[in-house]
Amino acid sequence: MAQVAVDLAVEKATVTTNGRRITVGDFELTMFSDGNYWLDGGPLFGIIPKPLWLKKVACDEKNRVVTGENSLLIRGGRQTVLVETGIGNKFDERIRKIYEPEAKLLDNLTAAGVGPESIDMVINTHLHFDHCGWNTERRNGRVVATFPRATYYAPEGEWQHGQKQYLRDHVSYISDNYNPLIQSGQMKLVTEDCEIIPGVSVRTIPGHTRHMQVVMIESQGQKACYVSDLIPTSAHLDLLWIMAYDLFPMETIENKKRFYDEAVPGRWLVIFTHDPAIPWGYVKETGTGKYGVELVTGS
Ligand SMILES: [Zn+2]
């Protein structure tokens, strides 16, 4: 088992999602990584015993697993859309030590010639800090929009939940990531499933949180889905492999099953938010409650 873990660690150190590209009908999708951060393997895999998850991922001496931060750039329509903005760089030293975030999203976008002003729309699937960190940045002591021209979209129920600062999950909701945008009128709170631009829509799938939305991309009969924390990595494909962070685990399992009922026969490209090495793939059933990913070659 130790050998398997080492092999996986080596593989993940050399493979990255950043810059990976694929087309879905008229859309060109490019993955931009905010770099990796570290999460404890316990909550990351919920009720799954460590000896089992160690067969799929490696952990360090602190039990931490390398976790990716994949933002998706959608081009090809009239507008350029960025789905999720990673973990950002507004952390204090204490948080920085726990998660060791790399905060590379802006650098990676810029290196590819995608300046912050070229983003027309930003979609946040939910408002946990590791999904909307680069929504804003600190400039001259003020928190301002990182993407100055963009209209931002997030589920209204997420914002309301975050404002309540519940003991259970208040650490996940950092208001600097969204409140300045709401105050400036730059963020629109979405109350129901809707189309953001033709071919790109949001769909609510409860489980991880009550109001989390996935992003559907549809063109020329092809479909892709950015599944957010419904299936955070390709190691979470099996129905019961869900995170302990989920507020409604029974709903996650049920909704994952429903999702597969559509996505597997429909050959949807499934796009992973937190996989450090595999940006996307087609899901296939390998047994009862068990699923695997068919990798896409050449992307
Ligand atoms: Zn989350």
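Reader: Where along the chain is the place of A235?

Author: A235 sits in the loop between β15 (222-226) and α9 (249-263). Keep in mind that this is a predicted model.

Reader: Is A235 buried or exposed, and what makes it so?

Author: Count its C-beta neighbours inside 10 Å: there are 22. The cut-off for a buried residue is 20 or more. A235 has 22, so it counts as buried.

Reader: Which residues is A235 in contact with, leaving aside neighbours within four places in sequence?

Author: K56, V57 and W241. To be in contact, two C-beta atoms must lie within 7 Å.

Reader: How far is A235 from V293, C-alpha to C-alpha?

Author: Their C-alpha atoms are separated by 9.3 Å. Along the chain, the two residues are 58 residues apart.

Reader: Where is V293?

Author: V293 belongs to strand β18, residues 290-295.

Reader: Why does V293 count as buried?

Author: V293 has 20 C-beta neighbours inside 10 Å. The rule asks for 20 or more, so V293 counts as buried. Beyond four places in sequence, V293 is in contact with S234, L237, I278, G281 and V283.

Reader: Which strands share a sheet with β18?

Author: The order is β12-β13-β14-β15-β16-β17-β18. These seven strands form an open sheet with mixed pairing.

Reader: Why are β12 and β18 said to stand at the edges?

Author: β12 (194-197) and β18 each have a single partner strand, so one side of each is left without a neighbour in the sheet. From one strand to the next, the twist averages 35°.

Reader: How do you know that β14 and β15 pair?

Author: Pairing needs at least two bridges. Five bridges join β14 (residues 213-219) to β15, so the two strands pair. They run antiparallel. In this pair, E218 of β14 stands opposite K223 in β15.

Reader: What is the order of the strands in the sheet that holds β1 and β11?

Author: The order is β1-β2-β5-β6-β7-β10-β11. This sheet is also open, has seven strands and shows mixed pairing. β1 (21-24) and β11 (187-190) are its edges: each has a single partner strand, so one side of each lacks a neighbour in the sheet. Here the twist averages 25° from one strand to the next.

Reader: Which helix packs on this sheet, touching β10 and β11?

Author: Helix α7, residues 156-164. Its direction makes about 75° with that of β10 (151-155).

Reader: How many bridges join β2 to β5, and what makes them a pair?

Author: There are six bridges between β2 (residues 27-33) and β5 (residues 70-75). Two would be enough, so β2 and β5 pair. They run antiparallel. T30 has L73 as its bridge partner in β5, and M31 has L72.

Reader: What do β5 and β6 form?

Author: β5 and β6 form a hairpin, with five residues between them. In the turn, G76 has a positive phi of about 120°. Three bridges pair β5 with β6 (residues 81-83) in the antiparallel sense. I74 stands opposite V81 in β6.

Reader: How far apart are V293 and T30?

Author: They are 263 residues apart in sequence. In space the separation is 19 Å, C-alpha to C-alpha.

Reader: Which residues have the most contacts inside the largest nonpolar core?

Author: I123, V215, C225, V227, V270 and I271. The core has 77 residues. Its largest share, four residues, comes from β2. V270 touches C225 and V227, and beyond these I231, A263, W280, G281, Y282 and V283, with residues up to four places away not counted. In soluble globular proteins, nonpolar side chains tend to be buried together.

Reader: How do you know that the radius of gyration agrees with a compact globule?

Author: With 299 residues, a compact globule would have a radius near 19 Å. The protein chain has 18 Å, which agrees. Buried residues make up 45% of the chain.

Reader: What is the average pLDDT, and where does pLDDT stay under 50?

Author: The average is 94, and 95% of the residues score at least 70. Over residues 1-11, pLDDT stays under 50. For that stretch the model has 10 contacts beyond four places in sequence.

Methods:
Residues are numbered from 1 along each chain as its sequence is written. This is a predicted model: local features need pLDDT of at least 70, side-chain atom pairs count only at pLDDT 80 or more; totals for chains, interfaces and linings use all residues. pLDDT is the predictor's confidence in each residue, from 0 to 100. Axes are lines fitted to C-alpha atoms, for helices over the stretch in contact, and angles run from 0 to 180 degrees between N-to-C directions. The radius of gyration is taken over C-alpha atoms; the globule rule is 2.2 Å times the number of residues to the power 0.38. A residue is buried if 20 or more other C-beta atoms lie within 10 Å of its own, exposed if 12 or fewer, and partly exposed in between; C-beta atoms are placed from the backbone. A nonpolar core is a set of buried Ala, Val, Leu, Ile, Met, Phe, Trp, Tyr and Cys residues joined through C-beta atoms within 7 Å.
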